[in-house]
Amino acid sequence: QPKKPRVDPATGLMSAADFAETLGASRSITVRVKCPLDDSNAAWSLLGQEVAVEVDCMATVKEVKALLKAQLGMPENKQQLKHARLGFLKDALSLAHFNIASGALLDLVVRARGRR
């Protein structure tokens with residue numbers, strides 16, 4: 001009988017290793033990112049579109065942002081990724097840490113600092 005993955009009662013998430021194991025040999029996932037409609041910076045091409053990014057589940061959020069930079073032209077330090085249930089994702093943690101599976105939808109938020 002296969003071992004049942006342990007779920008943290010506080011967060012409701014499996015450990016990153018257990019989650020990656022559930023995906024099998026192919027740990028590649030496709031994450032959908034919903035971009036905002038923001039014409040304040042034309043070079044970023046934020047037109048409200050949805051962008052698909054294919055990455056390994058053990059990739060960090062920072063690596064996902066680097067792929068988004070290549071597609072959108074938006075610097076990583078101006079990006080924040082938000083999950084509907086989990087809130088904002090930390091750059092140093094992997095997608096597997098957050099149990100983000102293929103087809104998950106993340107929201108891209110423009111990081112604004114120093115505004116009142």
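## Salt bridges and two buried residues

A search of the whole structure finds three salt bridges, a salt bridge being a side-chain nitrogen of Lys or Arg within 4 Å of a carboxyl oxygen of Asp or Glu. This is a predicted model, in which local features need pLDDT of at least 70, side-chain atom pairs count only at pLDDT 80 or more, and totals for chains, interfaces and linings use all residues. Residues are numbered from 1 along each chain as its sequence is written, and side-chain values use heavy atoms, with hydrogens and water left out.

Here are the pairs:

| Salt bridge | N to O distance | Separation in sequence |
|---|---|---|
| Asp-56 and Arg-27 | 3.2 Å | 29 residues |
| Glu-50 and Arg-32 | 3.2 Å | 18 residues |
| Asp-91 and Lys-65 | 2.7 Å | 26 residues |

Let's start with Lys-65. This residue is found in helix H2 (residues 61-72); helices (H or I, at least four residues) and strands (E, at least two) are DSSP runs, numbered from the N terminus. Is Lys-65 buried or exposed? Lys-65 counts as buried because its relative accessibility is 1%, and buried means under 20% relative accessible area, exposed over 50%, and partly exposed in between (1.4 Å probe, protein chains only). Its salt-bridge partner Asp-91, at 27%, is partly exposed, and sits in the loop between S6 and strand S7 (105-110). The side chain of Lys-65 also reaches the backbone oxygen of Gln-79 at 2.9 Å. Leaving aside neighbours within four places in sequence, Lys-65 is in contact (heavy atoms within 4.5 Å) with several residues, including Glu-76, Leu-81 and Arg-111.

In the pair of Glu-50 and Arg-32, Glu-50 belongs to strand S4 and Arg-32 to strand S1. Glu-50 is partly exposed at 43%, and Arg-32 is partly exposed at 31%.

Now for His-83, in strand S5 (residues 79-83). With a relative accessibility of 14%, His-83 counts as buried. Which residues does His-83 contact, leaving aside its neighbours within four places in sequence? They are Leu-89, Ile-100, Leu-105 and Leu-106. A polar atom of the His-83 side chain lies 3.3 Å from the backbone nitrogen of Leu-86.

Finally, Gly-87 lies in strand S6 (residues 87-88). Gly-87 touches Leu-81 and Lys-82, not counting residues up to four places away in sequence. Between Gly-87 and Glu-63 there are 18 Å in space, C-alpha to C-alpha, and the two are 24 residues apart in sequence.

Definitions and conventions: A polar contact is a pair of N or O atoms within 3.5 Å; within protein, one must be able to donate a hydrogen and the other to accept it, and residues adjacent in sequence count only if both atoms are side-chain atoms.
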